[in-house]
Amino acid sequence: GDVRLGGGELTGAGDLTVNGQLTWTAGRMSGAGRTVANGGILLDNSGYPELMGRTLENPATMIWIDNGNDFRAGNGAVLNNTGTIDIQMDTSAQVWGSGGATLNNTGTIRKSGGTGTSSIPMFVHNTGTLEVQTGKLRLMDGGSTSTSLQVDAAAAVWFDGGTFSLDVNNNVAGDVRLGGGELTGAGDLTV
């Protein structure tokens, strides 16, 4: 069935597998366990959802929307995406706590909606698809990519913190901004 986290804290070393939709609007996920969202995720920033130290597995589709507050990640949290993260509007986010957070993407991360900025507050390790169709995608804590970034002509990618390694050549149709981090790696970047 479906699970809704709208406040409080989901914690502990045990795993939670959700075969229906996980709707997350507020509250904290923490602890050494994993949350496996087999039925997909609706992440809605309306009440400051926090991923702190726990592993969140997304093998399906995660729809990320923003209703005025931040998504927060830190304390060594991990988001493993083997499905699709679809950022459908401008979103805000913060690196929170200590130890940072990591997003491992072997699937697709797509900014498909909003003409403003969507922020990812995690180190992004990308071996899948990362595409920006509209607006700006802000990578706040560094990362790496072994595949080409897909940035449409009317869109932009911002490298705004940490070190980001381009391990392959990238020919980006849109804009690129380096605003507070380091861009490195063996790959060329053509804008």
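# Close-up views of a predicted model

The structure holds 1 cavity of 30 Å³ or more. Keep in mind throughout that this is a predicted model.

**View 1. The largest cavity and the residues around it.** The largest cavity comes out at a volume of about 60 Å³. Its lining is made up of L43, L51, L56, M62, W64, F71, L79, I85, L103, I120, P121 and M122. Two elements give two or more residues to that lining, namely strand 5 (41-52) and strand 7 (61-65). Several of these residues turn up again in the views below, so keep the list handy.

**View 2. L51 and the nonpolar core.** The largest nonpolar core counts 38 residues. Which residues have the most contacts inside this core? They are L51 and I120, and both also line the largest cavity. Leaving out residues up to four places away in sequence, L51 touches W24, M29, L56, F71, R72, A73, G74, A77, V78, L79 and M122. Among the cavity-lining residues are L56, F71, L79 and M122, and each of those is on the contact list of L51.

**View 3. Strand 5, strand 7 and strand 10, side by side.** Strand 5 pairs with strand 7 in the parallel sense, over 4 bridges. In this pair, L42 stands opposite I63 of strand 7. Strand 7 also pairs with strand 10 (residues 84-87), again parallel and over 4 bridges. What stands opposite I63 in strand 10? That would be D86. I63 therefore serves as a handle for both pairings, facing L42 in one and D86 in the other.**View 4. T84 in strand 10.** T84 is found in strand 10. With residues up to four places away in sequence set aside, T84 touches N58, A60, T61, M62, T108 and R110. Of these, M62 is one of the residues lining the largest cavity. For a longer ruler, pick V18: the C-alpha atoms of T84 and V18 are separated by 17 Å, with the two positions 66 residues apart along the chain.

**View 5. The open sheet of 9 strands.** The strands of this sheet follow the order 2-4-6-9-12-15-18-21-24, and the pairing is parallel. Strand 2 (16-18) and strand 24 (181-184) are at the edges; each has a single partner strand, so one side of each has no neighbour in the sheet. On average, neighbouring strands here are turned by 15° against each other, direction ignored.

**View 6. Zooming in on pairs within that sheet.** Strand 12 (residues 101-105) and strand 15 (residues 123-126) run parallel and are joined by 4 bridges. L103 stands opposite V124 of strand 15, and L103 is also among the residues lining the largest cavity. Moving along, strand 18 (residues 143-145) pairs with strand 21 (residues 162-166) in the parallel sense over 3 bridges. Which residue is the bridge partner of S144 in strand 21? Look for S165. Strand 21 is also joined to strand 24 by 4 bridges, with the two running parallel. There, T163 stands opposite E182 of strand 24.

**View 7. The open sheet of 4 strands.** This sheet has the order 14-17-20-23, with parallel pairing. Strand 14 (117-120) and strand 23 (175-178) are the edge strands, and each pairs on one side only. Neighbouring strands are turned by 20° against each other on average, direction ignored. Strand 14 pairs with strand 17 (residues 135-139) in the parallel sense over 4 bridges. Within strand 17, L137 is the bridge partner of S118.

**View 8. Two residues with positive phi.** Most residues other than glycine have a negative phi. Y48 has a phi near 60°, a positive value in a residue other than glycine. Y48 is found in strand 5. Is Y48 buried, exposed or in between, and at what relative accessibility? At 35%, Y48 counts as partly exposed, because that class covers what falls between under 20% (buried) and over 50% (exposed). N75 is the other residue in this view, with a positive phi near 55°. Where does N75 lie? Look in the loop between strand 8 (70-74) and strand 9 (77-81). N75 is partly exposed too, at a relative accessible area of 37%.

Terms used:
Residues are numbered from 1 along each chain as its sequence is written. This is a predicted model: local features need pLDDT of at least 70, side-chain atom pairs count only at pLDDT 80 or more; totals for chains, interfaces and linings use all residues. Side-chain values use heavy atoms; hydrogens and water are left out. Two strands pair if DSSP finds at least two bridges between them. Axes are lines fitted to C-alpha atoms, for helices over the stretch in contact, and angles run from 0 to 180 degrees between N-to-C directions. A nonpolar core is a set of buried Ala, Val, Leu, Ile, Met, Phe, Trp, Tyr and Cys residues joined through side-chain atoms within 4.5 Å. Buried means under 20% relative accessible area, exposed over 50%, partly exposed in between (1.4 Å probe, protein chains only). Contact means heavy atoms within 4.5 Å. On a 1 Å grid over the protein atoms alone, a cavity is a set of points where a 1.4 Å probe fits but cannot get out, and a pocket is an open set with protein on both sides within 12 Å along at least five of seven lines; lining residues have an atom within 4 Å of a point. Grid points are joined across faces, edges and corners, and a volume is the space filled by probe spheres set on the points.
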